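Hello,

Here is the structure I promised to pass on to you. Have a look at it first, and then read on for my notes below.

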Amino acid sequence: MGKVVLVTGAARQLGGRFVRRVQRESGVDRVIAVDAVTPGHGLGEAEFVRADIRRPAIARVLAEHAVDTVVHLDVTGTPLGAGGRAAVKETNVIGTMQLLGACQKSPAVKRLVVKSSTSVYGSAPRDPAVFLETTPPKSLPSGGFAKDAVEVEGYVRGFARRRPDVAVCVLRFANILGPSADSPLAEYLSLPVLPTVFGYDPRLQFVHEDDVLDVLLIASEAPRRGTLNSGTFNVAGDGVLTLSQCSRRLGRPTVPVPLPAVTWVGSALRTVGVSDFSPEQIRLLTHGRVVSTDQMRDTLGFVPSYTTAEAFADFARTRDAGLLPPEAVGRTVDRLSTLVSKERPGHG
């Protein structure tokens, strides 16, 4: 008998792609795709079970199908359909609690993979230049998806203590980008004009959605020779981009906003559909965040196919053309930078 893999969040693009991908792996006998809503995309030969992970019924699904591998992808910052932020938080936190409770009761479960986020580190002015997996945040996220991710990881650690026989892998993804990216940051970068925090140019990292699928496969299988795929791992493409570089490559002008007014801008953006422009998102766009990926390479044995810049370029190709040609934005920013340098000798 091969493995029986249960995947949550199957109605989302990422979940659907992973369901279709993992069923092609040798050694996988069946894939059970779970979501509270019916997917609008195909799931190949996977068996779809409409179930809300916030409900106790998820335990029955695990038992009925003798699931041995659980890949929990229903941890996200964007709503799917109606419900908004409150429904997202409930699914992230209450859903994870219910799912872990079901896993704890199931003797068949031997491996758990959880999608998390580098947002658990927060973003603060005195952050280290690079976060390691063991670096504690200067200040814990106070809201939005970042706070959900912190709570989810806390419950996962508790589960790992109670079920030491289960291999648990937590993947902290940098901002996921690609042609079908649906994250709050992707929504922000798709705006015709990008509001930025005056005086700040944060460093950002991205991971391509194709690399996300590849590393999820590595995490869901038995570890390859010389690697270990239980534990917590940062996942990001090589290199960084500043927000100004992103805006130039998109051809989107920026509107610098004084820090005290940014909260008002965030409220305005939420009214036009940017779902999670929370204080944590604002802090990211102020202070940025960079994580170390040494453990991803050395321990997990994963090397991304896309750098941060390449993941961003693939995302940018699928967006509507910006208001300005990227070359013109670049020349203008360069000219302004030169002028500022001349006005402020010794501050280049």
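E151 is partly exposed, with 22% of its relative area accessible. Please keep in mind as you read that this is a predicted model. The partner of E151 in a salt bridge is K147, and the closest N and O atoms of the two are 2.8 Å apart. K147 is partly exposed as well, at a relative accessible area of 29%. Both sit in helix α4, which covers residues 144-162, and because they are four residues apart there, about one helical turn separates them. The pair also belongs to something wider: K89, K147, D148 and E151 are joined into one network by salt bridges that share partners.

The structure has 17 salt bridges in total, and two others may interest you since they link distant parts of the chain.

One of them is between R12 and D74, with 3.9 Å between the closest N and O atoms. R12 lies in the loop between β1 (3-8) and α1 (13-22), while D74 lies in the loop between β4 (69-72) and α3, so the two partners are 62 residues apart. Are R12 and D74 buried or exposed? Both R12 and D74 are buried.

The other is between R17 and E209, where the closest N and O atoms are 3.4 Å apart. R17 belongs to helix α1 and E209 to helix α6 (residues 209-220), with their positions 192 residues apart in the chain. Here the two ends do not fall in one class: R17 has 24% relative accessibility and therefore counts as partly exposed, whereas E209, at a relative accessible area of 6%, is buried.

Next, the empty space inside. How many cavities of 30 Å³ or more are there? The count comes to four. The largest cavity has a volume of about 600 Å³. It is lined by 36 residues, and those closest to its centre are K115, F145, I176, S183 and P184. Several elements give two or more residues to this lining, namely α1, β5 (111-117), α4, β7 (175-177), α5 (184-189) and α9 (279-287). Which of them gives the most? That is α1, with four residues. Two of these elements have come up already: α1 holds R17, and α4 holds the pair E151 and K147.

On the surface, I94, M97 and Y155 form a nonpolar patch, and together they have about 240 Å² of accessible area. I94 is part of helix α3, which runs over residues 84-105. With a relative accessible area of 37%, I94 counts as partly exposed.

Last, the cysteines. The number of disulfides is zero, taking a disulfide as a pair of cysteine sulfur atoms within 2.5 Å. Two cysteines to look at are C169 and C246. C169 counts as buried because its relative accessibility is 0%, and C246 is likewise buried, with a relative accessible area of 0%.

If you would like a place to begin, you could display the network of K89, K147, D148 and E151, and then turn to the largest cavity and the residues closest to its centre, among them K115 and F145.

Best wishes

Terms used:
Residues numbered from 1 in each chain as written. Predicted model: local features only at pLDDT ≥ 70, side-chain atom pairs only at ≥ 80, totals over all residues. Heavy atoms only, no water. Buried < 20%, exposed > 50% of the residue type's maximum accessible area, 1.4 Å probe, protein only. Patch = residues over 30% accessible without salt bridge, like charges linked within 9 Å, V, L, I, M, F, W, Y side chains within 5 Å. Areas by Shrake-Rupley, 256 points an atom, 1.4 Å probe, with all protein chains shown as cover. Salt bridge = Lys/Arg side-chain N within 4 Å of Asp/Glu carboxyl O. 1 Å grid on protein atoms, 1.4 Å probe; cavity = no way out; pocket = protein on both sides within 12 Å on 5 of 7 lines; lining within 4 Å. Points joined across faces, edges and corners; volume = space filled by probe spheres on them.
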